[in-house]
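Please open the structure in your viewer and keep the selection tool at hand. This tour moves from one selection to the next and says what is there.

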Amino acid sequence: MNSDTQKNNVDLMDFACRFFKSRGAALESGMDFTDILVPPDLARSLEVEELITVVSEKAGSKESDMKNRYPMQFQSPLLERITSLAGAKPTFLQAELKFEYIKTQGFDRLITEAFDRNRTKIRITGTGVARTRYLILTSLYQAQSDELKEGLMDFCFNLDTGALIPDMIEPLTHVQKEYPTERVLICSPKEIENIYDQINQNGKKAIEEKLSHFVESMNRRFKRDAGSLEEYYHDLTREMEAGLSRTGLSERLILEREEKIALIPAELNTKKQDLLNKYSIRIDFQPVAALAIITPCVKVFAELMSGRQKAAISLIYNPVTKHMDPVVCKSCGTSSYSLTCCDCMHLNCRACLMKGCTLCGGKK
Amino acid sequence: MAASGTDRKKQKRKAKQKQVKAERTKQIEKEKGWDYYDEAHYFFDAGNTDKAVKAMQKALKALPNEADVIHLLGYIGSRTSNLAMELDAIERLEKIGQLTDDIQIDRVILLLSHSKYEECLMRAKQVLQNFPTLDIKNKRKTLARIKEIKDYSERMMAYEHRKKKIPKETIPSDQNPVGKKDILPKTLKPEVVSKPKQPSLTPPVIRPVPEIPRIPLTFHTDKPSFFKVLSTPEPAGTEQYELLLASHDIRFTESFENLICLSSLTLIQSFWYQEETAKKVLKQYRGRALLSDEVGLGKTIEALIILSEYIKRGMVKTGLILTPSPLVSQWKEEMISKFNLDVPSTDDPKFRSGEEAFWNQPFVISSINQAKSAKNMEYITAREYDIIIVDEAHHLKNRTTQNWKLVNVLKKRFILLLTATPVENNLMELYNLITLLKPGQLETATAFKEKFMKRGDPTDPQNRSVLRGLLSQVMIRNTRSLAGIHIPPRFARTIRIEPTKAETQFYERLQTLILSLNEQKQGKARMAIKNLLAQAGSSPKAVEHTLTAMLEKQDYIFDHEQEIRAVKNLCRTTLDTPKNMTLLKLIQATRDKIIVFVKYRGTVEHLVEFLEWNHISFSLFHGSLTNLEKDAAIDAFKNHTKVLVTTEIGGEGRNMQFCSQMVNYDLPWNPMKIEQRIGRIHRIGQEKEVQIYNFCAAGSIEDYILDILDRKINMFEMVIGEIDMILGRISGEKEFSDMVCDIWLNSKTNEERDASFAGLGMKLKRAKAGYEKTRELDGKLFGDTYEL
Ligand SMILES: [Zn+2]
Ligand SMILES: [Zn+2]
């Protein structure tokens, strides 16, 4: 359903050449083809000769019979091996962002626009440039029912606050980056644990939203099939019952048939379970790539006031999104643009505020 | 009077006979009546009221006192607003004492709604009289209502009575004459619209609205993999990162549009229609389908593409493949050799019936017989399978058989049924198959019969377009013309070779030894005996190998050691045996290339020596070569050698169609194996007519086999796959080779042997005729309607 548009977006030739290059092959390009000297190890794992020619799809069809010539097209065995090799190991990339200019004032207006505050008042007490860490985690999801739906999904976290950051990936492409070759950003086990929890919590919600069409269509199919199953067994029962009242049946025969009728509900149940198994959806979530970002940001220090109560908080201005990052609810950990507090001035999301803050035991 | 006594007895007997006869006729009449009843039901549901009423009348005549029939009459009456019919039904119910109190009330309301005031009044009075004894709901309310109806009817009758007295022209039709307004009863006609139509005559078909839950959705994350990614010590480069994301994008475009399993199938070339069929089953039929391509188009390959695809996508992790016993090993071999799927089977030497551990393995190939045996069935039915594949699914055509019931109770998500002949004698067979795939697709058996089957001809459906619509949701049937399979014909020649005196002596000694072994240790030595007999048909050298092994291992020897040594000594032969000389002549007589099929190693060695001696250029191809060596052997044969000597193992994926002549130097007893040999060169890509030379020694088992397969049923001219269908009809679960072996060993005289083989030949001939009839029927029934 989405293959055609996507197919055109992926230049298979380009992809293959980049792949070989990245693995140490020597390339020499011509029109519609590229000669490649493949390192022995790579040649072995790709099951090709050491000197090969990859040809573009257009040129490939007529000459694909020739030895050592590989057309780069969907369903070609070599392409399949390349993609599975390229996608085999989850990768971790880190980047440092550089900004020529970062805003230093006007946070008042930004905060007022971004956050929902209810009756809480906010007063900025200071700002300062700081460094913070983000993580963009790309996960592979596979939703399996009686068909398979898969794709990639990105989640972006601020590692220092634990907040989930929306819309960070697209603006990131325009930012100047450096890629340190040594690992500078280390996630502590606690941070990873936190990310994992966040994925579990937000991933399910996000994926259900993303796949709502798929989920609904599976439900429709199940409903239709189960309905027709019910109908069939209902009719069958009725028919068999009607058959009982006919004249000329021996008692033994009647008894036999009654036994058969009694077994129908159980059979119906197994068949329904079959359908339920066929259509039930299992979603597997697996990280395939992570991009860790170290970046300057602006820390905004502020005071929240509600009645006589006060609390000091810090907010982060994200130079990539040019927006304030959300805050994290102290009760449930979800990220939101809500600066609402319980009576003890704990930041709580709206939902938790209704249920009662978990930090101070339910007081509003 | 003495005579009158017997007369009376006679009379009595006659009377009795008459009575029995009358009763039988009555019974038949009744049966017919029910048929008419069914017919009326059907026609009425189909919207043909006239026919329904006619059938109804016939049913009533035959079964005047059956409440069911009368209810139907009332039902039809009420649905067509035919008052007379409804009232007739009520009266009939009254007559047979089946008039319920509810219906009595109904009748009053019914009469009112049709303005039959006189009768309505009468019935209302009747009801009121018995009212205290009536068993109905809402008694008080109903009582008031009936009273109201009674009063209203009385007034209306009075009104009508007066109306009749006044000449018509004085009353304007649309206006009451002034001053005569009070003639009309002031009360409104009691509501009939809201009459409690509750138990109407036949209770209307109200299906329960079942509570259908939403499908469960589960979410799984792999915790360790998060830690792994996020704590890798070395960061990757940007190129690697981007390539990884791109690789996933490429992979996602491969929905079922593209079969991802194909790229790993290096050992077969699948055909376009097989791939398209697989895609259709995956995408459109969503894993529940009847694959009924014509014979020879490769349903097995289609099913295995589907299976591999599901496995590769992680959608199938368990499965059960059910086949007739003789096909188990064939499936096993195809799966491993072509799809790289190594699946345990009930043919494996390790298999023991009734062993739970065996059945708990993720995938199993089983004969239907093993699966349905009481020992194994409990394990199979207790667990769940992602997919069930049933080959030769026409063995499930009968709903009352254990085969059908087994597949029906299996817990499964996907199911593929494979058969080239879904209908053999009766459309119900097709119904039974489809009902296994999707219960309800063709409704209940009764409904199916009514809708789609004509009386008299169970193979000729009616309402074809509706049936076609339903079938095309689950069935696919490609024809040879769609597949574009046009291969030149093939011809076979049996070449009977007269043995030399020495050979005859050898055969006779061996025969005596075999019979004696068979007598002493029946059953146990069976495999060895069958082998020896088959090897004798190949060459004495093949026998020598086995005898040597027997002596070394001291197998099956008992007190035969002496004799075994004697026979072994007779195995030493010269190279220029009549068989070899015949082959040489054949090779020298043609300029074409020839493939020589040989089953046994001993024979191969002997033959190779002979060819070398005679300076014939040849290549050798056998199972113990490496893949590279195999390629080299075929290359050599293609480019410069004249002969390819090959054992049958492992040639499947290689192109040998450049050769059109083959010799069965020895003949497998299993016709399917013979077919596999032929299939190596008689396949798509072959441009010449194929010549098959079958060698056999005069009077040998092979001679008899060829007589049956070639002369009696013309197997060598049949489409590949057809012999399976024919054998499937006769052997039940016994293999052809075993039947042949039994005849050979159990015949006391030559005459007996001749007769038994002739009998087997007849059986096969009949089976072939039966198969051809079925093939024709299915061709007529399905034609090219269910092609891709
Ligand atoms: Zn919360
Ligand atoms: Zn609190």
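Select chain A: among its contacts (heavy atoms within 4.5 Å) between residues at least 6 apart in sequence, 63% join residues at least 24 apart. Of the 364 residues in chain A, 48% are buried, where buried means under 20% relative accessible area, exposed means over 50%, and partly exposed lies in between, with a 1.4 Å probe and protein chains only. Chain A has 11 helices and 13 strands; these are DSSP runs, of H or I over at least four residues for helices and of E over at least two for strands, numbered from the N terminus.

Before going further, please note that this is a predicted model, in which local features need pLDDT of at least 70 and side-chain atom pairs count only at pLDDT 80 or more, while totals for chains, interfaces and linings use all residues. Residues are numbered from 1 along each chain as its sequence is written, chains are lettered from A and ligands numbered from 1 in the order in which they are written, and side-chain values use heavy atoms, with hydrogens and water left out.

**The open sheet of chain A**

Next, select strands 1 to 4 of chain A, which form an open sheet in the order 1-2-3-4 with mixed pairing; two strands pair if DSSP finds at least two bridges between them. The edges are strand 1 (26-29) and strand 4 (69-71) of chain A, each of which pairs on one side only. Neighbouring strands of this sheet are turned by 25 degrees against each other on average, direction ignored.

Now pick out strand 3 (residues 51-55) of chain A, which runs parallel to strand 4 of chain A and is joined to it by three bridges. Within this pair, Thr53(A) stands opposite Arg69(A) in strand 4 of chain A. Add helix 2 (residues 12-22) of chain A, which lies across strand 1, strand 2 (33-37) and strand 3 of chain A, and runs at about 155 degrees to strand 3 of chain A. Such angles run from 0 to 180 degrees between N-to-C directions, and the axes are lines fitted to C-alpha atoms, for helices over the stretch in contact.

**Two zinc sites**

Which protein donors surround the zinc ion (ligand 1)? They are Cys329(A), Cys332(A), Cys349(A) and Cys352(A), each through SG, lying 2.2 to 2.4 Å from the zinc ion; donors are N, O and S atoms within 2.8 Å of the metal (3.2 Å for Na, K and Ca). The site of ligand 1 is tetrahedral, with angles of 104 to 113 degrees among its four donor atoms, and four donors count as tetrahedral if all angles lie between 85 and 135 degrees. Both Cys349(A) and Cys352(A) are buried.

Move on to the zinc ion (ligand 2), coordinated at 2.1 to 2.3 Å by Cys342(A) (SG), His346(A) (ND1), Cys357(A) (SG) and Cys360(A) (SG). In sequence these donor residues are spaced C-x3-H-x10-C-x2-C. Cys342(A) lies in the loop between strand 13 (335-336) and helix 11 (350-355) of chain A, and Cys360(A) in the segment after helix 11 of chain A, 18 residues apart. Cys342(A) is buried, with a relative accessible area of 3%, and Cys360(A) is also buried, at 19%.

**Chain B**

Finally, select chain B, which has 32 helices and 13 strands. Colour chain B by pLDDT, the predictor's confidence in each residue from 0 to 100: the average is 83, and 89% of the residues score at least 70. Over residues 167-187 of chain B, pLDDT stays under 50.

Methods. Tetrahedral: all angles 85-135°; square planar, octahedral: opposite > 155°, others 65-115°.
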